[in-house]
Amino acid sequence: MERRLSFSREIWLLCLFSCCLYYYTMGSTSDLATVQGKQPLFSFGVISDVQYADISDGYSFIGVPRYYRHSIQVLQRAVQKWNNHGMLKFVMNFGDIVDGKCPQADSLNAVKKITNEFRKSNCPVYHMIGNHCLYNLAREKLLPILEISSPDGHAYYDFSPSPEYRIVVLDGYDISAIGWPRDNPKTLEALEFLRKKNPNSEKNSPDGLLGLERRFLMYNGAVGGEQMKWLDDVLQDATKLKQKVVVCCHLPLDPGVSYQEALLWNYDEVMNVIHQYNCVKVCLSGHDHKGGYSIDFRGIHHRSFEAALECPPGTDAFGYIEVFDDRLMLVGTDRMESTDMHFKP
């Protein structure tokens, strides 16, 4: 009898261990939500920096491997997984769909090839522009393909996927030395800005720049005055409607979430506007490639996404976000790390 009880106890402990193992290996943040008895208000897919090109694998300027042909497979698997989810309201692409090393003669076809993959999604896809997008196509050609219809060639906009939330998409290359015509005032303003801020003849070089000054590189950009006024108006309106706001931009908006070399030129000015309001809860971005997470001094969560481009064959970096009244929960796949962003409602 004693031996039988001991054996039963061993079986019970084995079952308990198996359940725990399943929870930690197969469970997800959505499982946690179910346990807590809450369902998301809505969910949306995320991916960043696909940077596809039909060229051999290479390296970044700091020696990180890049898998140009494989990145489209990452996107294809992302779309399949998003479609299988069945409950996503939309997908957000955080920019740089085609790499700057793509041969110019192939640029248009490459951009169309990637956007066609996004169109296989069962839900709407919202795009934002990145520097690599603008290396390949001028704004006047790029924005119609991405179905961005902001006025005067701008790429900022907002929408409300639910009464409780508003998504704000910033154009981080509003003031930029790339994408606009050479004689455009925004190009001239950007070039003059770089002349003052970066003494190097190669304006994509941070040599000699210290600390946060290392962001003053040609492959970054800034939010202009008109867009800044628009952002202020949108946040005022969201406050009146008692909406929570998620700000999206290709370029990161907080030094704690990315390399210094990846920050928006005037991230501080943008955040000064954002910090005037309590409605903004989370800022999401790409561009940095390695991925990061921070919470700023006002309690706003910042999450930059891992790049699809830097996934070795057989690996992935994409995910979806479940949106609740008091948090955003990123459910990441493979190299994209899951993140629980909990804030005061």
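# Briefing on a predicted single-chain model

His-289 is located in strand S9, and in this predicted model that histidine offers a convenient way into the structure, since His-289 is among the residues that lie nearest the centre of the largest pocket. The chain has 345 residues, of which 56% count as buried, and its secondary structure is made up of nine helices and 14 strands. Among contacts in the chain with a separation of 6 or more, 67% are between residues 24 or more positions apart.

**The largest pocket and His-289**

- The largest pocket holds about 560 Å³ of space, and its lining consists of 25 residues, of which Ser-60, Phe-61, Arg-66, Tyr-219 and His-289 lie nearest the centre.
- Two elements, H5 and strand S9 (280-289), give two or more residues each to the lining of this pocket.
- His-289 counts as buried because its relative accessibility is 10%, which is under the 20% limit for that class.
- The side chain of His-289 is joined to that of Glu-310 by a polar contact of 2.8 Å.
- Leaving aside neighbours within four places in sequence, His-289 is in contact with Asp-49, Gln-51, Arg-66, Phe-305, Glu-306, Ala-307, Leu-309 and Glu-310.

**Positive phi in the loop between S1 and S2**

- Most residues other than glycine have a negative phi, which gives the background for the next two residues.
- Asp-49, in the loop between strand S1 (42-47) and strand S2 (58-59), has a positive phi near 55° although it is not a glycine.
- Gln-51 is found in the loop between S1 and S2 as well, and its phi is also positive, at about 45°, in a residue that is not a glycine.
- Asp-49 counts as buried at 0% relative accessibility, and Gln-51 is likewise buried, with a relative accessible area of 0%.
- Both Asp-49 and Gln-51 are in contact with His-289.

**Helix H6 and its two sides**

- In helix H6 (residues 139-146), the buried residues are Arg-139, Leu-142, Leu-143, Ile-145 and Leu-146; they cover an arc of only 165° around the axis, and therefore lie on the same side of H6.
- An α-helix has 3.6 residues a turn, so residues three or four places apart point the same way.
- Glu-140, Lys-141 and Pro-144, on the other side of H6, are exposed.
- The packing partners of the buried residues of H6 are helix H4 (107-118), strand S5 (125-127) and helix H5 (131-136), and H5 is also one of the elements that give two or more residues to the lining of the largest pocket.
- Glu-147 follows H6 and has a positive phi, near 60°.

**Nonpolar cores**

- In soluble globular proteins, nonpolar side chains tend to be buried together.
- The largest nonpolar core in this chain has 93 residues, and those with the most contacts inside it are Met-92 and Ile-274.
- Not counting residues up to four places away in sequence, Met-92 touches Phe-44, Gly-45, Val-46, Ile-47, Tyr-126, Met-128, Phe-159, Ile-167, Val-169 and Cys-248.
- A second, separate core has seven residues, including Ile-175, Ala-177, Ala-222 and Trp-265.

**Gln-227 and Gly-172**

- Gln-227 belongs to helix H8 (residues 225-240) and is buried, with a relative accessible area of 0%.
- A polar contact of 3.1 Å links the side chain of Gln-227 to that of Asp-174, and the residues that Gln-227 touches, not counting those up to four places away in sequence, are Tyr-156, Leu-170, Asp-171 and Asp-174.
- Gly-172, which lies in the loop between strand S7 (165-169) and helix H7 (185-197), counts as buried at 2% relative accessibility.
- With residues up to four places away in sequence not counted, Gly-172 touches Gly-221, Ala-222, Cys-249, Leu-251 and Leu-264, and Ala-222 in turn is included in the second core.
- Gly-172 and Asn-266 are 94 residues apart in sequence, whereas their C-alpha atoms are 9.4 Å apart in space.

**An exposed loop residue**

- Phe-297, in the loop between strand S10 (292-295) and strand S11 (301-306), counts as exposed because its relative accessibility is 71%, which is over the 50% limit for that class.
- Phe-297 and His-275 are 22 residues apart in sequence and 9.6 Å apart in space, C-alpha to C-alpha.

Conventions
Residues are numbered from 1 along each chain as its sequence is written. This is a predicted model: local features need pLDDT of at least 70, side-chain atom pairs count only at pLDDT 80 or more; totals for chains, interfaces and linings use all residues. Side-chain values use heavy atoms; hydrogens and water are left out. Buried means under 20% relative accessible area, exposed over 50%, partly exposed in between (1.4 Å probe, protein chains only). Helices (H or I, at least four residues) and strands (E, at least two) are DSSP runs, numbered from the N terminus. The arc is that of the directions from the helix axis to the C-beta atoms. Contact means heavy atoms within 4.5 Å. A nonpolar core is a set of buried Ala, Val, Leu, Ile, Met, Phe, Trp, Tyr and Cys residues joined through side-chain atoms within 4.5 Å. A polar contact is a pair of N or O atoms within 3.5 Å; within protein, one must be able to donate a hydrogen and the other to accept it, and residues adjacent in sequence count only if both atoms are side-chain atoms. On a 1 Å grid over the protein atoms alone, a cavity is a set of points where a 1.4 Å probe fits but cannot get out, and a pocket is an open set with protein on both sides within 12 Å along at least five of seven lines; lining residues have an atom within 4 Å of a point. Grid points are joined across faces, edges and corners, and a volume is the space filled by probe spheres set on the points.
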